[in-house]
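Visitor: I am new here and would like a friendly tour. Could you show me around?

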Amino acid sequence: MNLSQKEKVLLSFLGVIFSTQLFFLGHAIFYCMENGGIKVCPEIGKRVEMTFAGQVATVLALITNIGTGRISK
C-alpha cells in the first residue's frame, strides 16, 4: 500500500492525538487511583470507554477508506 504524503502526515497527526489522549487519560486514572478510586472519579470508566471506542471507530474508518478513489495499476 502506497500512501501519499498527505495521508502520511494525517496519520502521523492522528497518532499524536491518540497518544496525547492516552497520556492525559493515564494521568487522570493515576490521580483517581491515588485519591480514592472510583469514589473520587465516578465517571472515569465512561471516559475510558468513550476514548477507546472513538479511537477504534476512527482507525476502522481509516482502514476502510485509505486508498479509495484511486486508479489501480
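**A guided tour**

Guide: Let us begin at one spot: V59 lies in helix α2. Please keep in mind that this is a predicted model.

Visitor: Is V59 buried, exposed or partly exposed, and why?

Guide: V59 has a relative accessibility of 35%. Buried would need a value under 20%, and exposed a value over 50%. The value for V59 falls in between, so V59 counts as partly exposed.

Visitor: Which residues make the nonpolar surface patch with V59?

Guide: The patch covers about 360 Å² of surface and is nonpolar. V59 is one of its members, and its place is in helix α2. Together with V59, the patch is made by V56, L60 and I63.

Visitor: Where is T51, and is it buried or exposed?

Guide: T51 sits in helix α2, which runs over residues 44-65. Its relative accessible area is 18%. The limit for buried is under 20%, so T51 is buried.

Visitor: Which residues is T51 in contact with, leaving aside its neighbours within four places in sequence?

Guide: Contact here asks for heavy atoms within 4.5 Å. With the sequence neighbours within four places set aside, the contacts of T51 are Q21 and L25.

Visitor: How many helices and strands are there in the protein?

Guide: Helix α2 has already come up as the home of T51. For the whole protein, the count is zero strands and two helices.

Visitor: Which residues form the disulfide, and what is its handedness?

Guide: The structure holds one disulfide. Its partners are C32 and C41, with sulfur atoms 1.9 Å apart, and both C32 and C41 are buried. The angle about the S-S bond is -95°, and the link is left-handed.

Visitor: How are the rings of F23 and F24 arranged?

Guide: The count of aromatic pairs comes to one. The ring centres of F23 and F24 are 5.4 Å apart, and their planes meet at 75°. Planes over 60 degrees apart fall in one class, so the pair of F23 and F24 is edge-to-face.

Visitor: And is F24 buried or exposed?

Guide: F24 has a relative accessibility of 55%. The cut-off for exposed is over 50%, so F24 counts as exposed.

Visitor: What share of the residues of the protein count as buried?

Guide: We have met some buried residues, including T51 and the cysteines C32 and C41. The protein has 73 residues, and the share that count as buried is 15%.

Methods:
Residues numbered from 1 in each chain as written. Predicted model: local features only at pLDDT ≥ 70, side-chain atom pairs only at ≥ 80, totals over all residues. Heavy atoms only, no water. Helix = DSSP H or I, 4+ residues; strand = E, 2+ residues; numbered from the N terminus. Buried < 20%, exposed > 50% of the residue type's maximum accessible area, 1.4 Å probe, protein only. Disulfide = S-S within 2.5 Å. Patch = residues over 30% accessible without salt bridge, like charges linked within 9 Å, V, L, I, M, F, W, Y side chains within 5 Å. Areas by Shrake-Rupley, 256 points an atom, 1.4 Å probe, with all protein chains shown as cover. Salt bridge = Lys/Arg side-chain N within 4 Å of Asp/Glu carboxyl O. Phe/Tyr/Trp six-rings, centres within 6.5 Å; stacked < 30°, edge-to-face > 60°.
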